[in-house]
Each structure stands twice: as C-alpha cells, then as structure tokens.
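Visitor: Hello! I am new to reading protein models, and I would love a short tour. Could you show me one and let me ask about it?

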Amino acid sequence: MRVNITVNGRPYEADDVWEGESLLYVLRERMGLPGSKNACEQGECGSCTVRLDGVPVCACLVAAGQAEGREVVTVEGLADHARQRSAHAAEAAGAVCPGEPEEGHPGAPGTTRPAEPEVGRPVGPEAARPGKPEAVRPVEPETGRAGEPDAARRAGPDAGHSVEPEAVRPRPPAPSRPEPSRPGQVAPLAPVQQAFIDAGAVQCGFCTPGLLVAADELLERTPDPSDADIREALSGNLCRCTGYEKILDAVRLAAARTGKAV
C-alpha cells in the first residue's frame, strides 16, 4: 500500500508498504530518519518516541497505515518545530521575537510598504539577519524593483538627487522563506536539545531522541512544569546511563530558559 505522511513539515510518500509495517520502520528505513531508535519494539523503552498529530507515541507500536494523512514530528524536526512555535506565540501576543524586524522595518509582519534603504547600506541576502525563521526580503525602492537595470534602482529616498554609483550594489535574487530542514541538514538546536547538552544529560545517546521529544511536548503543554510533571512525562522513557538526575536538570533548565515562550 501507499502511505502519505507529513514528517517534520515535509510531505513524504512511501510505496509498497506492508500492512504490518510499523511507523518506526517507515521513518528509519524508508524515509531516512534514523533519529528514532529501534530497541524493545514493545513500547516499553520510549527510545522511538515521536509526536503523531502532536501526541507523543511509541512509533514501534503504530502501524504505518495509521499515520496516513497525519503529521509526525521526530527528533530531527524539533528545532524547526520549536522555531515555529515561538513565532506563533509571538504573533498571537502581538510581540516581536528576538531577532525579528521591528514594526515598520523591512520584512516586519503587516508592513505593506518597506522603509527606504539608506544609501550605502548593504542589501541582498547579507541584509537579512541570520538565524531567523523567515529571512527578511531585501528592501526595494519604489522606483526600482529586483530585475530592473541598476539605473532604475538608484532612485532612493532622495529622488532627484544623484547617488554615487559605488553606493549602489546589484541585488542578487531575494531569499525565499526557508523550508523545513532536510534530513542530514544541520539546523540550530531547539532549546530542550541545547539544555540536554549543557546539563550533561547525554551519554550513550540511544534513549536521548525519545527523551527529547517527550520533554519538548511537556514544555509546550506545561511551560513551567513541576518535578512531578517532568517525572510523569518522562516515565515511559528508560535510560541506562545517566541515572535520570541530569535529565531532570536539563528539562528544568530548558523550562527556565524558555518560560512562557515555549
């Protein structure tokens, strides 16, 4: 059978899937996403934890056909998911995320006419701030658009006044909205991932992907969890290395860093 799944924001299609094939097998072997680990295959260890339509599940216990038309987030997509979540929270609160353009700045949400660029100010991809979920599109003067001759672009804020040729740089194609990270692509870490590193909560790493997915879901649902909340959320994830205390420290650290923004 054919299975269509949206995984980490990207549509996937798998053909010739056996009816008894698990979601875990499809993710690892067919889609090239080995982050979710294959251990007990009985739903006991939690190393294969993913989010299915937002809910943490053991991928080894979910038949691939059950995921048809649904959305899956694996450990590979946590960074993208965290950035989107922060952007949505800021938009809902009417705030500007750190690193986001302020109102009236080119690329700011709701800005219909970008501010005019200053003479000599870099334009193009270098004008966009790195590390943002959405790159800022270069500012275009009213009298010149991308693709027009340089002479037409030189009419800037002071139309009618001459502009030094060296102050005007050709605009390369404007950067488009970035797509979700592809498998194997290095992306900035999610807050919970960075917290696990900083707290020393990663040892052999086999259980870590499932712990990260479960912890991230907890922080999304309960931004300021108690120790009891953390223990309950991670109770289905087994670890043989850390003794759990550093894992608890990592979740506490992630909660303290992100607070209500998670």
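Visitor: What is the relative accessibility of R252, and is this residue buried, partly exposed or exposed?

Guide: Happy to help, and please keep in mind that this model is predicted. Buried means under 20% relative accessible area and exposed means over 50%, with partly exposed in between. R252 comes out at 27%, so R252 counts as partly exposed.

Visitor: Which residues form salt bridges with R252?

Guide: Let's look at the side chain of R252 in two steps. With E245, the closest N and O atoms are 3.5 Å apart, and this pair forms a salt bridge. The other salt bridge has an N to O distance of 2.9 Å, and there R252 meets D227. The partners to remember are therefore E245 and D227.

Visitor: How many residues apart in sequence are the parts that D227 and R252 tie together?

Guide: Start from the salt bridge between the side chains of D227 and R252. D227 sits in helix α6 while R252 belongs to helix α7, so the pair ties together parts whose separation in sequence is 25 residues.

Visitor: Are D227 and E245 buried, partly exposed or exposed?

Guide: The range between 20% and 50% is the one to check here. D227 has a relative accessible area of 38%, and E245 has a relative accessibility of 40%. D227 is therefore partly exposed, and E245 also counts as partly exposed.

Visitor: Let's move to another helix. How many residues of α5 are buried?

Guide: Helix α5 covers residues 208-221, which makes 14 residues, and reaches 20 Å from its first C-alpha to its last. Among its buried residues are T208, P209, G210 and D216. The helix is largely enclosed by the rest of the structure, because the number buried, out of 14, is 12.

Visitor: What covers those buried residues of α5?

Guide: The cover includes both strands and helices. On the strand side there are β3 (49-52) and β4 (55-58). On the helix side, the cover includes α2 (78-93), α4 (191-198), α6 (227-233) and α7 (245-258).

Visitor: Which residue of α5 meets R85 in a salt bridge, and how far apart in sequence are the parts they join?

Guide: The salt bridge has an N to O distance of 2.9 Å, and the partner of R85 is D216. R85 lies in helix α2 and D216 in helix α5, so the two tie together parts separated in sequence by 131 residues.

Visitor: Which residues are linked with R85 and D216 in a network of salt bridges?

Guide: R85 and D216 are both buried. The structure holds 14 salt bridges. The network that links R85 and D216 also takes in R51 and E220.

Visitor: Which side chain of opposite charge is nearest to K37?

Guide: K37 is in the loop between α1 (23-30) and β3. K37 is buried but has no salt bridge. Its side chain does reach the backbone oxygen of P34 at 3.3 Å. The nearest side chain of opposite charge is 6.8 Å away and belongs to E76.

Visitor: Which side chain is joined to that of R70 by a polar contact?

Guide: R70 is in the loop between β4 and β5 (71-73), and is partly exposed with a relative accessible area of 29%. Leaving aside neighbours within four places in sequence, its contacts include N4, I5, T6 and L52. The polar contact is 2.9 Å, and the side chain it joins to R70 is that of D53.

Visitor: Is N8 buried or exposed, and what about D16?

Guide: Both residues have a positive phi of about 55° without being glycine, N8 and D16. N8 lies in the loop between β1 (3-7) and β2 (10-14), whereas D16 is in the loop between β2 and α1. At 11% relative accessibility N8 counts as buried, and at 66% D16 counts as exposed.

Visitor: To finish, how many helices and strands does the protein chain have?

Guide: Along the sequence, the pattern reads β-β-α-β-β-β-α-α-α-α-α-α. Of the 262 residues in the protein chain, 37% are buried. The secondary structure comes to seven helices and five strands.

How values were computed. Residues are numbered from 1 along each chain as its sequence is written. This is a predicted model: local features need pLDDT of at least 70, side-chain atom pairs count only at pLDDT 80 or more; totals for chains, interfaces and linings use all residues. Side-chain values use heavy atoms; hydrogens and water are left out. Helices (H or I, at least four residues) and strands (E, at least two) are DSSP runs, numbered from the N terminus. The expected span of a helix is 1.5 Å times one less than its number of residues. Buried means under 20% relative accessible area, exposed over 50%, partly exposed in between (1.4 Å probe, protein chains only). Contact means heavy atoms within 4.5 Å. A salt bridge is a side-chain nitrogen of Lys or Arg within 4 Å of a carboxyl oxygen of Asp or Glu. Lys and Arg count as positive and Asp and Glu as negative; His and the chain ends are not counted. A polar contact is a pair of N or O atoms within 3.5 Å; within protein, one must be able to donate a hydrogen and the other to accept it, and residues adjacent in sequence count only if both atoms are side-chain atoms.
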